[in-house]
Amino acid sequence: MTVREDAIAQAIKKVWTRRSTVSASHFTTVMLAEMNVPCEWTVDDDGYWKTACGEEWSFEEGSPKDNGVNFCFSCGQPVRVMK
Ligand SMILES: [Zn+2]
């Protein structure tokens, strides 16, 4: 491995370590997270929270904030609860 390749590998490793909840297939999402764009969560009538990154979560009780959720489980971005 050249010095340059090594530097790139180190840089990539840093990003993945910092965003360890994100899989490699979510690279666009990672870029958004790096830009600190919030993940918008909206709740449906059945109490399921739909996230801007395309996931669904439910809580036994309360809102994400009530459950201490500040960052999206799937993309790692800050959660913004939409009313
Ligand atoms: Zn998300």
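Is N70 buried or exposed? That was my first note to self, and I came back to it after getting my bearings.

**Entry 1: the overview**

I reminded myself that this is a predicted model. I looked up the elements and found two helices and four strands in the chain. Going along the sequence, I wrote down the pattern α-α-β-β-β-β. I also checked burial for the chain, and 17% of the 83 residues count as buried. Then I looked at contacts with a separation of 6 or more, and 41% of them come from residues 24 or more positions apart.

**Entry 2: the sheet**

Which order do the strands take in the sheet? I read it as β3-β2-β1-β4, in an open sheet of four strands with mixed pairing. The edge strands are β3 (56-58) and β4 (79-81), and each of them pairs on one side only. I noted the twist too, which averages 30° from one strand to the next.

**Entry 3: β1 and its two partners**

I started with β1, residues 39-43, and its pairing with β4. These two pair in the parallel sense over three bridges. I looked up some partners in β4: E40 has R80 as its bridge partner, and W41 has V81.

Next I followed β1 to β2, which covers residues 48-51. This pair runs antiparallel, and three bridges join the strands. Here V43 stands opposite W49 in β2. So much for the pairing; I then checked the turn. The hairpin of β1 and β2 has four residues between the strands, and G47 takes a positive phi near 85° there.

**Entry 4: β2 and β3**

How many bridges join β2 to β3? I found three, with the strands running antiparallel. Across this pair, K50 stands opposite E56 in β3. I looked up the hairpin of β2 and β3 as well, and it has four residues between the strands. In that hairpin G54 takes a positive phi near 95°.

**Entry 5: back to N70**

Now for my opening question. N70 lies in the loop between β3 and β4. I counted 8 other C-beta atoms within 10 Å of N70, and since 12 or fewer means exposed, N70 is exposed. Leaving out neighbours within four places in sequence, I found N70 in contact with P78 and V79. I also took a distance from N70 to V81: they are 11 residues apart in sequence and 9.7 Å apart in space, C-alpha to C-alpha.

**Entry 6: over to V79**

V79 is one of the contacts of N70, so I looked it up next. V79 lies in strand β4. Why does V79 count as buried? I found 21 C-beta neighbours inside 10 Å of V79, and the cut-off for buried is 20 or more, so V79 counts as buried.

What does V79 touch, not counting residues up to four places away in sequence? My list reads P38, C39, W41, P64, V69, N70, F71 and C72. I checked P64 further: V79 and P64 are 15 residues apart in sequence and 8.3 Å apart in space, C-alpha to C-alpha.

**Entry 7: what I'm keeping**

I put my two residues side by side to finish. N70 is exposed, with 8 other C-beta atoms within 10 Å, whereas V79 counts as buried, with 21 C-beta neighbours inside 10 Å. The two are in contact with each other. N70 sits in the loop between β3 and β4, and V79 sits in β4, an edge strand of the sheet.

Notes:
Residues are numbered from 1 along each chain as its sequence is written. This is a predicted model: local features need pLDDT of at least 70, side-chain atom pairs count only at pLDDT 80 or more; totals for chains, interfaces and linings use all residues. Two residues are in contact if their C-beta atoms, placed from the backbone, lie within 7 Å. Two strands pair if DSSP finds at least two bridges between them. Axes are lines fitted to C-alpha atoms, for helices over the stretch in contact, and angles run from 0 to 180 degrees between N-to-C directions.
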